[in-house]
Amino acid sequence: MNQKSFNDLLSRYQTGNCTEAEKLWVDKWYHNLNNRNFTDLSSKELDEMQDNIWLKINITEEQTIAPVKVKKLWPKFAIAASIAMAFLIGGFYLTHYNPTESAFISETGDVALISKTNDTDQPITISLSDKSTVTLKPQANILYPKVFAANKRMVYLKGTAFFSVSKNPKRPFFVYDQKLVVSVLGTSFWVKSSTDKMPAQVAVRTGKVRVQENEKSSLFGLSNDKIAKPILLTPNQKGIFNDHKLNKTLVSKPIPLAEAYNVPSSLSYNFNEESVAAIFKTLSEAYGIEIKSDNEQISNYTFTGDLSKKGLYEQLDLICGTISSKYYINGTSIVVSNKN
């Protein structure tokens, strides 16, 4: 590739007009350039080279740059040209370079990657090489290997997607995005990348999921005391990342575990003069969520009614309405209270 072709490629990359293959090439090129070793040059040569580079950066495009006579041997000229190019596009990468995506591409090595964007207005499902599936919401993008590595499975997500991961303890599955890293063995869950209005989120349907902050989210790295503490999520739990903190809460629409795992259930939601304490125990077992009261008086109340075909929060609304109480979510638990 000659200089003009390379400049054209960078220009199209900056305006978003390059192909996915070209984008992957530029990201890999930049990462590899950062790892070059220039120790064979003297400190004086490096200083002179840097001064010349910054001088060229400050010259406007309209000015004509005087030709430079090359006195060094070709290997050193090539290194100088590489350093110059790195400086010239440095400002561009400060605003367009995605360090987490570049780190992901670098970690996959020479494995062939596929980039898929959902350009439709409906969810689309993608099958991966390990028989896992990913359902992309509109405008979401996923970057994944054509064939996963032998020791682990890694994908990179931008946007919102639902993952159904095939179980394989010897090959853990990792979902990377700009803020988070989600690691699982075999489960199903939602991942929502952060936006200007919403923080990054992970919601679990089945199995267990470990969520941690992506340490590569900053171009200059993160100190250990600033990185969020990892959390472990179970069904109907949700992790929310904001300001380098990971907090656990409940999903907006919990579903019974039997429905999530597609297994039969013997639990009945039709109650006749049943104690509220016993009903809470039934609902806790059904949803895998701790439901408790803040005093014994509530536990001694009874309830009669059919709560079948109703969501958990609607079920609690009906129960609380008959005993003059209310409920609130406290972390990953639900507390029923009759206090004002």
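This report describes the overall make-up, one open sheet, one helix and one pocket of a predicted protein model.

**Overall make-up**

The protein contains 10 helices and 19 strands. Of its 340 residues, 41% are buried. Among contacts with a separation of 6 or more, 52% join residues that lie 24 or more positions apart.

**The open sheet**

An open sheet is formed by 7 strands, in the order β2-β3-β6-β9-β10-β13-β14, and the pairing is antiparallel. The edges are taken by β2 (124-127) and β14 (245-250); each has a single partner strand, so one side of each is left without a neighbour in the sheet. On average, neighbouring strands of this sheet are turned by 20° against each other, direction ignored.

At the β14 edge, the pairing can be described residue by residue. Strand β13 (residues 237-242) pairs with β14 in the antiparallel sense over 6 bridges. Within this pairing, F241 stands opposite L246 in β14.

**Helix α6**

Helix α6 spans residues 99-107 and is mostly covered, with 7 of its 9 residues buried. The buried residues are P99, T100, E101, S102, A103, F104 and I105. Here, buried means under 20% relative accessible area. After α6 comes G109, which has a positive phi, near 70°.

**The second largest pocket**

The volume of the second largest pocket is about 380 Å³. Its lining consists of 16 residues, and those nearest the pocket centre are W190, A203, V251, S252 and K253. The classes of the lining residues are set out below.

| Class in the lining of the second largest pocket | Number of residues |
|---|---|
| Nonpolar | 8 residues |
| Polar | 3 residues |
| Charged | 5 residues |

Two strands, β9 (188-192) and β10 (200-206), each supply at least two residues of this lining. The greatest contribution is that of β10, with 5 residues. Both strands also belong to the open sheet, where β9 and β10 follow one another in the strand order. The sheet and the second largest pocket are thus described by shared elements: β9 and β10 are members of the sheet, and each supplies residues to the pocket lining.

**Summary**

In this predicted model, the open sheet of 7 strands has antiparallel pairing and ends at β2 and β14. Helix α6 is mostly covered, and the second largest pocket is lined by 16 residues, to which β10 gives the most.

Technical notes: Residues numbered from 1 in each chain as written. Predicted model: local features only at pLDDT ≥ 70, side-chain atom pairs only at ≥ 80, totals over all residues. Heavy atoms only, no water. 1 Å grid on protein atoms, 1.4 Å probe; cavity = no way out; pocket = protein on both sides within 12 Å on 5 of 7 lines; lining within 4 Å. Points joined across faces, edges and corners; volume = space filled by probe spheres on them. Helix = DSSP H or I, 4+ residues; strand = E, 2+ residues; numbered from the N terminus. Nonpolar A, V, L, I, M, F, W, Y, C, P; charged D, E, K, R; others polar. Pairing = 2+ DSSP bridges. Axes fitted to C-alpha atoms, helices over the stretch in contact; angles between N-to-C directions. Buried < 20%, exposed > 50% of the residue type's maximum accessible area, 1.4 Å probe, protein only. Contact = heavy atoms within 4.5 Å.
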